[in-house]
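Got the model open on your screen? Here's a walk through its sheet and its aromatic contacts.

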Amino acid sequence: MKGARARRGGAWRDHRIRVTFRVPLPFAFAWCTDFSPEDAALEGESYQRRVVERTRRRVVFEDLEDTPDGWSWARDVVTLRPPNRWHMESVGSRREVRGDYLLTSLPDGRTRLELRWKRRPTVPEAKPLTKAQREASTRTAWKRFAAAMERDYRRSQAGDRTK
């Protein structure tokens, strides 16, 4: 059985992070689920994103990145569950990921994101990250997203005051 697991890929690893945004929940949900080619720059990454399908309840996108080990490709299918959650399933050339995102309203118009995901490499990783390193990396990306989201929210509020 061990040989079969090695051919399929590594074991699934559970991860979890929480990040707080200084925006109301409806704005956070709309912003977080508006997947676009600009997401890589907001995250500080270099992948190229192409949105393949977008409906009220589903978004499909593909990411492609040139890495030192060659091209890395992933296709994500996101099921939207308004007003406060979404589910993601991703298959790629190097890993599989399944994630659940939950937004919760907090006092003073803030919103908390709780992200729980499982990740499984499908090929041996050159430099595998520990659970703590992967969670820290993901938290850093979401903090970058939070800064951009909060900036967009402030701009949207300033625009409302000028009307």
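What follows covers the ground rules, the sheet, its hairpins, and then the rings.

## Ground rules

This is a predicted model, with local features needing pLDDT of at least 70 and side-chain atom pairs counted only at pLDDT 80 or more, while totals for chains, interfaces and linings use all residues. Residues are numbered from 1 along each chain as its sequence is written, and side-chain values use heavy atoms, leaving out hydrogens and water.

Helices (H or I, at least four residues) and strands (E, at least two) are DSSP runs, numbered from the N terminus. Two strands pair if DSSP finds at least two bridges between them.

## The sheet

Let's begin with the strands. Seven strands would be a handful to trace by eye, so here's the order: the open sheet of 7 strands reads β1-β7-β6-β5-β4-β3-β2, with antiparallel pairing. β1 (13-21) and β2 (48-54) sit at the edges with a single partner strand each, so one side of each has no neighbour in the sheet. From one strand to the next, the twist averages 20°.

Helix α2 (residues 25-32) packs on this sheet, and it touches β1, β4 (70-81), β5 (85-92), β6 (95-105) and β7 (111-121). Contact here means heavy atoms within 4.5 Å. The direction of α2 makes about 160° with that of β6; axes are lines fitted to C-alpha atoms, for helices over the stretch in contact, and angles run from 0 to 180 degrees between N-to-C directions.

## Hairpins, one after another

Start at β2, which forms a hairpin with β3, with 3 residues between them. Antiparallel β2 and β3 (residues 58-67) are joined by 6 bridges. R49 stands opposite D63 in β3, and E53 has V60 in β3 as its bridge partner. Next, β3 and β4 form a hairpin with 2 residues in between, and 10 bridges join these antiparallel strands. L64 has W73 in β4 as its bridge partner.

Carrying on, a hairpin takes β4 to β5 through 3 residues, with 8 bridges joining the antiparallel pair. V77 is opposite E89 in β5. Another hairpin leads from β5 to β6 through 2 residues; these two pair in the antiparallel sense over 7 bridges, and V91 has E96 in β6 as its bridge partner.

## Rings that reach across

Which rings link into a cluster? Ring pairs connect F21, F29, W31, W86, Y101, W142 and F145. The whole structure has 8 aromatic pairs. Rings of Phe, Tyr and Trp (its six-membered ring) pair if their centres lie within 6.5 Å; planes under 30 degrees apart count as stacked, over 60 as edge-to-face and the rest as tilted.

One of the pairs is F29 with W86, edge-to-face at 5.8 Å centre to centre and 70° between the planes. F29 lies in helix α2 and W86 in strand β5, so this pair ties together parts 57 residues apart in sequence. Both F29 and W86 are buried (buried means under 20% relative accessible area, exposed over 50%, partly exposed in between, with a 1.4 Å probe and protein chains only). W31 and F145 also make an edge-to-face pair, at 6.1 Å centre to centre and 65° between the planes. Since W31 is in helix α2 and F145 in helix α4 (residues 131-161), that pair ties together parts 114 residues apart in sequence. W31 counts as buried at 17% relative accessibility, and F145 counts as buried at 10%.

## A charge over a ring

Back to R49, which lies over the face of F61, at 3.9 Å from the ring centre. A charge sits over a ring if NZ of Lys or CZ of Arg is within 6 Å of the ring centre and within 35 degrees of the ring normal.
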